[in-house]
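Let's take a walk through a protein model together, one stop at a time. Keep the structure open beside you and find each residue as we get to it.

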Amino acid sequence: MTQSLVLFFSAAFVLSSSRNHAVWGFSRTECDNVTRTSSSSSGGNHRGHDPFESSNSQTSPTTSCTSATNNIRGIYSTYRFPCSFTFHKSSVDDRSSFATATVCGDNTNIMPNQDVQEYVADWPDECVGSFARCYSLEKDKAVYLQFVCDQGWELPQGTTHLSVNCTADYNLFKIESDPKYGYEIYAEQDREMMHEMAIIGFVFIGFLTAMCLVCCVFGYYWIVRPYTTAMREASTSEGEELLTTEESTGVQAQIT
């Protein structure tokens, strides 16, 4: 009887715990307490969203974070490419008041063969556009909690840190926002076209040269050489006949 009661209460505790947790590392209550606003980082399809259209963003194409551990600041929204999310487990947490953690490496990646991609809007840290940022699940809830709760993600069990990398998206934005971008594209296309035309021209000239050589060889062996040979043989025959005639005439003259 006692053993049955223990098993019953254990099962009830596990069930209650599972219902009370939305993701690994924090409770459903924390997710429910997150304020949802129209500008929340709800992920979804944010293609074409200007990452710097918000007046609160401190990032611009000419200024960026200088280190992967710079203090958290500003906001970031994806422009065209999604951000990359990876999950890490580390017994060390070097997160400080003015620097993010540095433990999000390949050796701590819980799912090394899986790269989660998602768009973000007003992610509360502009530096994700310049570096892969490593957030502590315990100390950086103000950064990631709202987004993760809105997504309904269940983080891998044991996750202690979350890495977010939006550098591909930010680099694309910087390229396309450069006034020289369109000119460089057309200039590159022109260079490629000229290169292709030069190659085609060299190939065509080489083909014509080869055809000319073949025609010359063919004409010599099949036209010129037989003709000159025939002329030479004809000249030789006429000379021999003329010589024979002269010799006969000379003999006859001596007899006479």
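A residue is called buried when its relative accessible area is under 20%, exposed when that value is over 50%, and partly exposed in between. Thr108 has a relative accessible area of 12%, so it counts as buried. Before going on, keep in mind that this is a predicted model.

So where is Thr108? Look in the loop between β1 and β2. Its side chain reaches back to the backbone oxygen of Gly105, at 3.1 Å. If we set aside neighbours within four places in sequence, Thr108 is in contact with Phe87, His88, Lys89, Ser90 and Val103.

One of those contacts, His88, makes a good next stop. You'll find His88 in strand β1, which covers residues 83-88. Is His88 buried or exposed? Its relative accessibility is 3%, and the cut-off for buried is under 20%, so His88 counts as buried. Its side chain has a partner in the side chain of Thr86, and a polar contact of 2.9 Å joins the two. A polar atom of the His88 side chain also lies 3.5 Å from the backbone nitrogen of Asn109. Leaving out residues up to four places away in sequence, the list of residues that His88 touches includes Cys104, Gly105, Thr108 and Ile110, as well as Gly158, His161 and Ser163.

Now let's see how the strands line up. Strands β1 and β4 run antiparallel and are joined by five bridges. In this pairing, Thr86 stands opposite Ser163 in β4. Strand β4 has another partner too: β3 (residues 133-136) pairs with β4 in the antiparallel sense, over four bridges. Here Cys134 stands opposite Ser163 in β4. Put those together and Ser163 has Thr86 opposite in one pairing and Cys134 opposite in the other.

How many of the five residues of strand β4 (residues 161-165) are buried? Four of them are, so this strand is largely enclosed by the rest of the structure. While you have the strands in view, here is a handy general idea: in a regular strand the side chains alternate between the two faces of the sheet.

Next up are the charged residues. Side chains of opposite charge can pair when their charged atoms come close. The structure holds four salt bridges, and we'll visit some of them.

Start with Glu126 and Arg73, which form a salt bridge with their closest N and O atoms 3.1 Å apart. Glu126 sits in the loop between β2 (116-118) and β3, while Arg73 sits in the loop between α2 (28-33) and β1, so the pair ties together parts that are 53 residues apart in sequence. The two partners don't get equal cover: Glu126 is buried, with a relative accessible area of 4%, whereas Arg73 is partly exposed at 26%.

Another salt bridge brings together the side chains of Arg80 and Glu176, at 2.9 Å from N to O. This pair links distant parts of the chain, since Arg80 is in the loop between α2 and β1 and Glu176 is in helix α4 (residues 167-177), 96 residues apart. Both ends are partly exposed: Arg80 has a relative accessibility of 38%, and Glu176 has a relative accessible area of 21%. Arg80 also shows how the chain folds back on itself in space, with its C-alpha atom 8.4 Å from that of Tyr119, a residue 39 places apart along the chain.

A further salt bridge joins the side chains of Asp140 and Arg95, at 2.6 Å from N to O. Here Asp140 lies in the loop between β3 and α3 (141-151) and Arg95 in the loop between β1 and β2, 45 residues apart. Which state do these two share, buried or exposed? Asp140 is buried, and so is Arg95.

For the last stop, move to the surface. Val217, Phe218, Tyr220, Tyr221, Trp222, Ile223 and Val224 make a nonpolar surface patch of about 790 Å². Val217 lies in helix α5, which covers residues 181-255. With a relative accessible area of 47%, Val217 is partly exposed. Compare that with where we began: Thr108 is buried at 12%.

How values were computed. Residues numbered from 1 in each chain as written. Predicted model: local features only at pLDDT ≥ 70, side-chain atom pairs only at ≥ 80, totals over all residues. Heavy atoms only, no water. Helix = DSSP H or I, 4+ residues; strand = E, 2+ residues; numbered from the N terminus. Buried < 20%, exposed > 50% of the residue type's maximum accessible area, 1.4 Å probe, protein only. Polar contact = N/O pair within 3.5 Å; in protein donor to acceptor, adjacent residues only side chain to side chain. Contact = heavy atoms within 4.5 Å. Pairing = 2+ DSSP bridges. Patch = residues over 30% accessible without salt bridge, like charges linked within 9 Å, V, L, I, M, F, W, Y side chains within 5 Å. Areas by Shrake-Rupley, 256 points an atom, 1.4 Å probe, with all protein chains shown as cover.
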